[in-house]
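Good morning, colleagues. Please look at the sequence and the model on the screen before I take you through the computed features.

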Amino acid sequence: MKPKHKVHLISLGCAKNLVDSENMLGILRREGASVVPTIEEADVAIVNTCGFIRSAVEEALDTILQVAAEKKKGKLKRLFVQGVWCNGTV
């Protein structure tokens, strides 16, 4: 059976974000998605991030823009961004 989607997940931030990313991947696999190691293989990309400090926000924005550029190339069909942003600390 062909997987529903080929998903590449980028996890940025703390260890809690990594745990959240692993949980998301488990759910996606259970729902029939295939997790792929590179964005070039994916048709769906997820950026899981947080923004508690300025450097984290800058890293997240840079990563999101890089993935969006991949999406413009055409193979990547969806880009999802998930995470926590703390307004006022950046």
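Let me begin with a question: why are Glu 70 and Lys 73 separated by about one helical turn? The reason is that the two residues are three apart in helix 2, residues 54–73. Their side chains meet in a salt bridge, at 2.9 Å from N to O. By salt bridge I mean a side-chain nitrogen of Lys or Arg within 4 Å of a carboxyl oxygen of Asp or Glu. Lys 73 is exposed, with a relative accessible area of 65%. On the terms used here, buried is under 20% relative accessible area, exposed is over 50%, and partly exposed lies in between, with a 1.4 Å probe and protein chains only.

Before going further, I should state the basis. This is a predicted model, in which local features need pLDDT of at least 70 and side-chain atom pairs count only at pLDDT 80 or more, while totals for chains, interfaces and linings use all residues. Residues are numbered from 1 along each chain as its sequence is written, and side-chain values use heavy atoms, with hydrogens and water left out. The predictor's confidence in each residue, pLDDT, runs from 0 to 100. The protein averages 88, and 91% of the residues score at least 70. Confidence is highest in strand 1, residues 6–11, at a mean of 96, and lowest in strand 4, at 86. Where pLDDT is low, the predicted coordinates should not be read in detail.

Now the overall architecture. Two helices and four strands make up the assigned elements, in the order β-α-β-β-α-β from the N terminus on. Helices (H or I, at least four residues) and strands (E, at least two) are DSSP runs, numbered from the N terminus. The C-alpha trace spans about 45 × 30 × 15 Å along its principal axes. The radius of gyration is 14 Å, which agrees with the value near 12 Å for a compact globule of 90 residues; it is taken over C-alpha atoms, and the globule rule is 2.2 Å times the number of residues to the power 0.38. Of the 90 residues, 31% are buried.

What share of contacts between residues at least 6 apart in sequence joins residues at least 24 apart? The figure is 77%, where contact means heavy atoms within 4.5 Å. Val 35, in strand 2 (residues 34–35), offers a local view. Leaving aside residues up to four places away in sequence, Val 35 touches Val 7, Leu 25 and Arg 29. The C-alpha atoms of Val 35 and Leu 9 are separated by 7.9 Å, although the two residues are 26 apart along the chain. Val 35 counts as partly exposed because its relative accessibility is 26%.

The structure holds two salt bridges. Besides the pair already described, the side chains of Asp 20 and Lys 16 meet at 3.3 Å, N to O. These residues are four apart in helix 1, residues 15–30, so about one helical turn separates them. Which of the two is exposed, and which partly exposed? Lys 16 is exposed, at 55% relative accessibility, whereas Asp 20 is partly exposed, at 25%.

I close with strand 4, residues 78–85, where Val 84 lies. At 45% relative accessibility, Val 84 is partly exposed. Thank you for your attention.
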